[in-house]
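The following exercises concern aromatic geometry, burial and core packing. Each task is followed by a solution in steps.

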Amino acid sequence: MVGNTFARNNIPVEFISIGNEIRAGLLWPVGSTSNYVNIARLLHSASAGIKASKLNPKPKIMIHLDNGWDWNAQKYFYDTVLAQGPLVSSDFDVIGVSFYPFYGKGATLAALKSALELLGSRYDKGVLVVETNWPASSCSGTAFPIDLQSIQHTTAGQSTFIKQVAAIVDAAPSGLGLYYWEPAWIGHAHLGSACADNLMVDQYGTVRGSFNVWKQI
């Protein structure tokens, strides 16, 4: 298994995600949302495999959903999948979310703040923003949330955005940190959005500006 391969090669692993943005299910058709008990079984089995691996210390196990700002969507998924039986709270340690502000006016910083706080308290888990980004160039035709409209679509704007998201994670009682997705995917700078360029580097891979915005949280 993958965990044992890491262990054999002395590669430490802090987190393992058992699914990527799986609000719509995973491993279709078996794990579609038409059958939440199958989703619960798949996640429980994935967790068991990590726990049975030779990794030492054991990594924290994470479930990752998209639209991390949408508390109702997050609550529906976790309440539903945990009610099935196979998946129990002790099967995972961390809740990961994606936060992309250009996918809807509801994706405000205020909504993210509320959702992270509620996720941590309701499910007693650490919370991570594991995907987020901001455009480094103009982004026409996209409606950004009201509390983010003042941030420029520039390298400086990227830094401002990351600092604001980091501050929200830092303030959340269960906040653990954030990851930028994807800082250097040259050739796919739009990263699935309507924005032309969301990278932190130029087309040659050179870092565009200063992103020393991190601190221990």
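**Exercise 1. An aromatic pair and its burial**

Tyr100 is buried, its relative accessible area being 11%. The model is a predicted one.

Task: Classify the ring pair of Tyr100 and Tyr103, and determine the burial class of Tyr103.

Solution.
1. A pair of aromatic rings is described by the distance between the centres and the angle between the planes.
2. For Tyr100 and Tyr103 these values are 5.8 Å centre to centre and 70° between the planes.
3. Plane angles over 60 degrees count as edge-to-face, so the pair Tyr100 and Tyr103 is edge-to-face.
4. Tyr103 has 46% relative accessibility and therefore counts as partly exposed, whereas Tyr100 is buried.
5. Both residues belong to a cluster linked by ring pairs, together with Phe99, Phe102, Trp134, Phe144 and Phe161.

**Exercise 2. A pair between two helices**

Task: State the geometry of the pair formed by Tyr78 and Tyr123, and locate both residues in the chain.

Solution.
1. The count of aromatic pairs comes to 13.
2. In one of them, Tyr78 and Tyr123 lie 5.3 Å apart centre to centre, with 45° between the planes, which makes the pair tilted.
3. Tyr78 belongs to helix H3 and Tyr123 to helix H4; with their positions 45 residues apart, the pair links distant parts of the chain.
4. Tyr78 counts as buried because its relative accessibility is 0%.
5. Tyr123 also counts as buried, because its value is 7%.

**Exercise 3. The nonpolar core**

Task: Identify which element gives the largest share of the largest nonpolar core, and which residues touch the most other members.

Solution.
1. The core holds 52 residues, and those touching the most other members are Leu43, Ile63, Phe77, Tyr78, Phe99 and Leu116.
2. Elements giving two or more residues include helix H2 (36-51), strand S2 (60-65) and helix H5 (155-171).
3. H4 supplies the largest share, seven residues.
4. Beyond four places in sequence, the residues touched by Phe77 include Ile39, Leu43 and Ile63, as well as Arg23.

**Exercise 4. A charged residue in a loop**

Task: Decide whether Asp66 is buried or exposed, and find its side-chain polar partner.

Solution.
1. Asp66 is located in the loop between S2 and H3.
2. Its relative accessibility is 18%; buried means under 20%, so Asp66 counts as buried.
3. The side chain of Asp66 makes a polar contact with the side chain of Arg23 at 2.9 Å.
4. Other contacts of Asp66 beyond four places in sequence are with Glu21, Gln74 and Ser98.

Definitions and conventions
Residues numbered from 1 in each chain as written. Predicted model: local features only at pLDDT ≥ 70, side-chain atom pairs only at ≥ 80, totals over all residues. Heavy atoms only, no water. Core = buried A, V, L, I, M, F, W, Y, C linked by side-chain atoms within 4.5 Å. Buried < 20%, exposed > 50% of the residue type's maximum accessible area, 1.4 Å probe, protein only. Helix = DSSP H or I, 4+ residues; strand = E, 2+ residues; numbered from the N terminus. Contact = heavy atoms within 4.5 Å. Polar contact = N/O pair within 3.5 Å; in protein donor to acceptor, adjacent residues only side chain to side chain. Phe/Tyr/Trp six-rings, centres within 6.5 Å; stacked < 30°, edge-to-face > 60°.
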